[in-house]
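Trainee: Could we go through this one together? I'd like to know what sits behind each label before I use it.
Mentor: Sure, ask away once it's on the screen.

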Amino acid sequence: MAVGRTELEPGGAGAPFGIAVDLELDTALRQIVESARDLTDARYGAFLVFGAGNTVIKFVHSGIDDATRKLIGRSPTGQGLLRATVDSGRSLRLADMSEHPAAVGFPPHHPPMRSLLSVPVRITTGLSAQLCVTDRDGGAPFTEKDERTIRGLADVAGMAVQNAQLYERSRRRQRLLEAIEEISTGLLAGADAMDVLQLIADRALALSSADHTLIALPADITADEAEPHELVVAVGAGHDSDLLLGLRIPMDRSTAGAVFRDRVPVQVPSLAFDLATDSDIEFGPALVLPLRAQHTVIGVLTTLRRPTASPFAEDQLPLVAAFADQAALGLQLARSQRRLRELDVLAERDRIAADLHDHVIQRLFAVGLALRSTQRKAQVPEVVDRLSENIDHLHDVITEIRNAIYDLHATGADIPPLRTRVREVVHEITEHAGLHTRIEISGPLEVLPAELAEHAEAVLREAVSNAVRHARAGELAVAVSVVDDLVIEVADDGIGLPARAGRRSGLRNLSQRAVKAGGTLNTGRREGGGTRLVWRAPLPG
């Protein structure tokens, strides 16, 4: 019965119980094991819980001091005689365990053990376990009375494990409801969709006790395609998960692609497509879940553990799948409500624009014609000049109203045109920076939808701010164009990007916005020195 560091520390990734529950359960099980030793005069005792593949996922022992435990190293994995009791479902009582055909010996530094009494533990929640004692004092074998005693303690231990599991499942459901409520609140408050996706990734990380979570969204789909060729990692949670942002996952040879197509959550020991990066991140067991909203899949949520971690508990797949579905439905409903509000605003703007055109401008035209008629009849030169001046002013007013009508159709009534906002943003950020700034704007920026225009302003603000703060530049060139795509280019003559800043700095926000808009972000050195950033997004339909 090899002992050592438990494979699952209380509350660690992959643990079948929660932190507080696990600590209380460990105490109760240790008391049961010590009672088993006392009642049978055994030197050593242990309680083992087996998960998928009959691997040991929980190990509580008694009788071996800490120094010996550290020398032994890892805890048992469920092989040899330990496996025999689980496989048969029957008690095992041996006077000399070395004579059993399943015996595999002991690891180095393990104390010698001879006699064994192992009793299976009934747990109705899908796990198996066993309570065992070894080496009765005096060398005598264990008796039938000892076996009955251990059976009674095994029933108590089984109830303790089962109650802990049920309690933890109720806690998970409670955390699920709290996470869904938090996401719904954020959506109702009008939070940015990327912020909500990040919140979903963070909450899924906690719900699944995972090391990493990723949300991948479909790349662009052309008119003649039924589905995308790739998924793109949009957000992540967990240590260094931001290194995977923007990673493209092929649909035809990845677990995420299969889940996107089949709309069915899966639990796998490892992903079909290796998410290899230049970091030391490695992935093992995974839950891969479609973000299903009504009749569509808007993305794929993946929760991952380290290769050495135990698999996810059986009840975690439906739990996290339910969370993913509720989150996706909330996103879809919020998007629909936002579109309805935008349609209402557009309809109101169209009504105002029509009233201005059909009533105000027509009446001003009539006034202008009347003034011209009066001007032709006037005889006094001062009166003619004054009428001519007022007619010109009237034409200026008509021109301004026409521009206002154009802006009502192009953008929000309460938001300046994007062309104006571009210049305002650049001027605001560079005003006191001592930079020589050049701005080029080309193409019909007014045709951009509100969401893409918002992205454009945010990207420009972030890119120019980065250049002002970090580039140490003397010149800055900003170009915004709309032809086939929206293209924002920011170039400076500064010191260039540091070695690994691209994946960890403020460029992360630009990359996320590019993914959301179905576009790309490229950074590199400019000819002659400095940095050149190009953010590109396709125009809708």
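Trainee: Let me start with Asp41. Where does Asp41 lie?
Mentor: Asp41 is in the loop between α1 (19-40) and β1 (42-50). Keep in mind that this is a predicted model.

Trainee: What makes Asp41 partly exposed, rather than buried or exposed?
Mentor: The relative accessible area of Asp41 is 41%. Buried means under 20% and exposed means over 50%, so at 41% Asp41 gets the label in between, partly exposed.

Trainee: And what is notable about the phi of Asp41?
Mentor: Asp41 isn't a glycine, yet its phi is positive, about 55°. Most residues other than glycine have a negative phi.

Trainee: Which strand holds Asp135, and what is its phi?
Mentor: Asp135 belongs to strand β5 (residues 128-136). Its phi is also positive, about 55°, and again the residue is not a glycine.

Trainee: Why is Asp135 called buried?
Mentor: Asp135 has 10% relative accessibility. The cut-off for buried is under 20%, so Asp135 counts as buried.

Trainee: How do you know whether Asp146 is buried or exposed?
Mentor: By the same kind of check. Relative accessibility is 5% for Asp146, and buried means under 20%, so Asp146 is buried. It lies in helix α4 (residues 144-188).

Trainee: What makes the Asp146 and Arg136 pair a polar contact?
Mentor: Their side chains come to 3.3 Å. The limit for a pair of N or O atoms is 3.5 Å, with one able to donate a hydrogen and the other to accept it, so the pair qualifies. A polar atom of the Asp146 side chain also lies 3.0 Å from the backbone nitrogen of Thr143.

Trainee: Which residues does Asp146 contact beyond its neighbours within four places in sequence?
Mentor: Leu39, Thr40, Leu117 and Arg136.

Trainee: Why is Asp211 called buried, and which side chain does it make a polar contact with?
Mentor: At 15% relative accessibility, Asp211 is under the 20% cut-off, so it counts as buried. Its side chain makes a polar contact with the side chain of Arg306 at 2.8 Å. Asp211 is in the loop between α5 (193-208) and β6.

Trainee: On to the nonpolar residues. Which members of the largest nonpolar core touch the most other members?
Mentor: That core has 32 residues, and the ones you want are Leu460, Val464, Val478, Leu486, Ile488, Val490 and Trp535. Elements supplying at least two core residues each include α9 (418-430), β13 (475-482) and β14 (485-492). α10 gives the most, with eight residues. There's also a second, separate core of 31 residues, with Ile200, Ala204, Ala219 and Leu287 among them.

Trainee: What makes Trp535 buried?
Mentor: Trp535 has 0% relative accessibility, and buried means under 20%, so the label fits. Trp535 is in strand β16. Not counting residues up to four places away in sequence, it touches a list that includes Leu452, Leu486, Ile488, Leu510 and Leu521. In general, nonpolar side chains tend to be buried together in soluble globular proteins.

Trainee: What does the side chain of Trp535 reach at 3.2 Å?
Mentor: The backbone oxygen of Leu510. Leu510 is one of the buried residues in α11, along with Leu507 and Ala514, among others.

Trainee: Which residue just after α11 takes a positive phi?
Mentor: Gly518, at about 75°.

Trainee: How many cavities of 30 Å³ or more are there, and how much space lies in the largest?
Mentor: Two cavities, and the largest holds about 110 Å³. Its lining residues include Leu214, Val233, Ser254, Phe273 and Thr302. β6 (212-218), α6 (255-262) and β11 (296-304) each supply at least two lining residues.

Trainee: How does that lining divide into nonpolar, polar and charged?
Mentor: Nine nonpolar, three polar and no charged. Ser254 and Thr302 are in the lining; neither is on the nonpolar or the charged list, so both count as polar.

Trainee: Last one: what fraction of the chain is buried?
Mentor: Buried residues make up 47% of the 541 residues. The chain has eleven helices and 16 strands.

Conventions. Residues are numbered from 1 along each chain as its sequence is written. This is a predicted model: local features need pLDDT of at least 70, side-chain atom pairs count only at pLDDT 80 or more; totals for chains, interfaces and linings use all residues. Side-chain values use heavy atoms; hydrogens and water are left out. A nonpolar core is a set of buried Ala, Val, Leu, Ile, Met, Phe, Trp, Tyr and Cys residues joined through side-chain atoms within 4.5 Å. Buried means under 20% relative accessible area, exposed over 50%, partly exposed in between (1.4 Å probe, protein chains only). Helices (H or I, at least four residues) and strands (E, at least two) are DSSP runs, numbered from the N terminus. Contact means heavy atoms within 4.5 Å. On a 1 Å grid over the protein atoms alone, a cavity is a set of points where a 1.4 Å probe fits but cannot get out, and a pocket is an open set with protein on both sides within 12 Å along at least five of seven lines; lining residues have an atom within 4 Å of a point. Grid points are joined across faces, edges and corners, and a volume is the space filled by probe spheres set on the points.
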